[in-house]
Amino acid sequence: MKLYAVLLFLLAGMLGNLMADVYHSTTMGGWWMDPNTWQSTGYPDADDDVFIHGIVFVIGENSCNHLDIQGSDAMIKCGDNASGTLTVNGNLTTSGWVTSSASYNLTLNLYGNLSINYNFVPHNFNWLGTGVK
């Protein structure tokens, strides 16, 4: 009986790790790794699906599964005089902004499909997967 309990516990733990969370930014936005930026607890990681509704700043290394930037008031960018990398392991859909300038450099790595309906100007863009180009 103990063996079954242990196996059930391990199986539940593995299934929990396979299930991605969904994160929605607040309309106020903020820093990617700041839990106050998100309507959920914590901040997104490589397995999570992300919906951007405000201006979200990336600095350092950040990642998510799928990314959807929703609306012309929504944006992904780096902080001023900073650089950052966002790796999207799945698909990227944007009807908002992906932007860089001389004072902030965003590198975007994408492994899935790309759908652009607004402004898409990362400093560096690396299409690394087999998605629809």
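**Exercise 1.** Which residue of strand 11 is the bridge partner of Ala82?

*Solution.* The model considered here is predicted. Step 1: the pairing of the two strands is established. Strand 8 and strand 11 run parallel and are joined by seven bridges. Step 2: the partner is identified. Ala82 has Tyr104 of strand 11 as its bridge partner.

**Exercise 2.** Describe the open sheet that contains strand 8, giving its strand order, its pairings and its edges.

*Solution.* Step 1: the order is written down. The sheet has four strands in the order 5-8-11-14, with parallel pairing. Step 2: the edges are located. Strand 5 (60-64) and strand 14 (124-127) each have a single partner strand, so one side of each lacks a neighbour in the sheet. Step 3: the turn between strands is added. On average, neighbouring strands of this sheet are turned by 15° against each other, direction ignored.

Step 4: the remaining pairings are examined. Five bridges connect strand 5 with strand 8 in the parallel sense, and here Asn62 has Leu86 in strand 8 as its bridge partner. Strand 11 (residues 104-110) is joined to strand 14 by four bridges, again running parallel. Within strand 14, Phe125 stands opposite Leu108.

**Exercise 3.** Determine how far strand 8 is enclosed by the rest of the structure.

*Solution.* Step 1: the criterion is recalled. A residue is called buried when its relative accessible area is under 20%. Step 2: the criterion is applied to the strand. Because six of the seven residues of strand 8 are buried, this strand is largely enclosed by the rest of the structure. Step 3: the whole chain is considered. Of its 133 residues, 38% are buried.

**Exercise 4.** Which residues of the largest nonpolar core touch the most other members, and which strands supply the core?

*Solution.* Step 1: the members are considered. The core has 22 residues, and those touching the most other members are Trp32, Val50, Ile52, Leu67, Ile69 and Ile76. Step 2: the strands are listed. At least two core residues come from each of strand 3 (49-52), strand 4 (55-58), strand 6 (67-69), strand 7 (75-78), strand 8 (82-88) and strand 11. Step 3: the main contributor is named. Strand 11 gives the most, namely four residues.

Step 4: one member is followed in detail. Apart from residues up to four places away in sequence, Leu67 touches Val50, Ile52, Leu86, Val88, Asn91, Leu92 and Thr93.

**Exercise 5.** Is Gly54 buried or exposed?

*Solution.* Step 1: the residue is located. Gly54 lies in the loop between strand 3 and strand 4. Step 2: its accessibility is assessed. Gly54 counts as buried because its relative accessibility is 0%. Step 3: its surroundings are listed. Beyond neighbours within four places in sequence, Gly54 is in contact with Ser25, Thr26, Thr27, Gly29, Asp73, Ala74 and Met75. Step 4: a separation is given. Gly54 and Ser72 are 18 residues apart along the chain, and 9.2 Å separates their C-alpha atoms.

**Exercise 6.** How many disulfides does the whole structure contain?

*Solution.* Step 1: two cysteines are inspected. Cys64 is counted as buried because its relative accessibility is 0%. Cys78 is likewise buried, its relative accessible area being 0%. Step 2: the result of the search is stated. The whole structure contains zero disulfides.

**Exercise 7.** Summarise the chain as a whole by its secondary structure, contacts and exposed area.

*Solution.* Step 1: the chain has one helix and 14 strands. Step 2: of the contacts between residues at least 6 apart in sequence, 33% join residues at least 24 apart. Step 3: the chain exposes about 7500 Å², of which carbon and sulfur atoms supply 58%.

Notes: Residues numbered from 1 in each chain as written. Predicted model: local features only at pLDDT ≥ 70, side-chain atom pairs only at ≥ 80, totals over all residues. Heavy atoms only, no water. Buried < 20%, exposed > 50% of the residue type's maximum accessible area, 1.4 Å probe, protein only. Contact = heavy atoms within 4.5 Å. Areas by Shrake-Rupley, 256 points an atom, 1.4 Å probe, with all protein chains shown as cover. Disulfide = S-S within 2.5 Å. Pairing = 2+ DSSP bridges. Axes fitted to C-alpha atoms, helices over the stretch in contact; angles between N-to-C directions. Core = buried A, V, L, I, M, F, W, Y, C linked by side-chain atoms within 4.5 Å.
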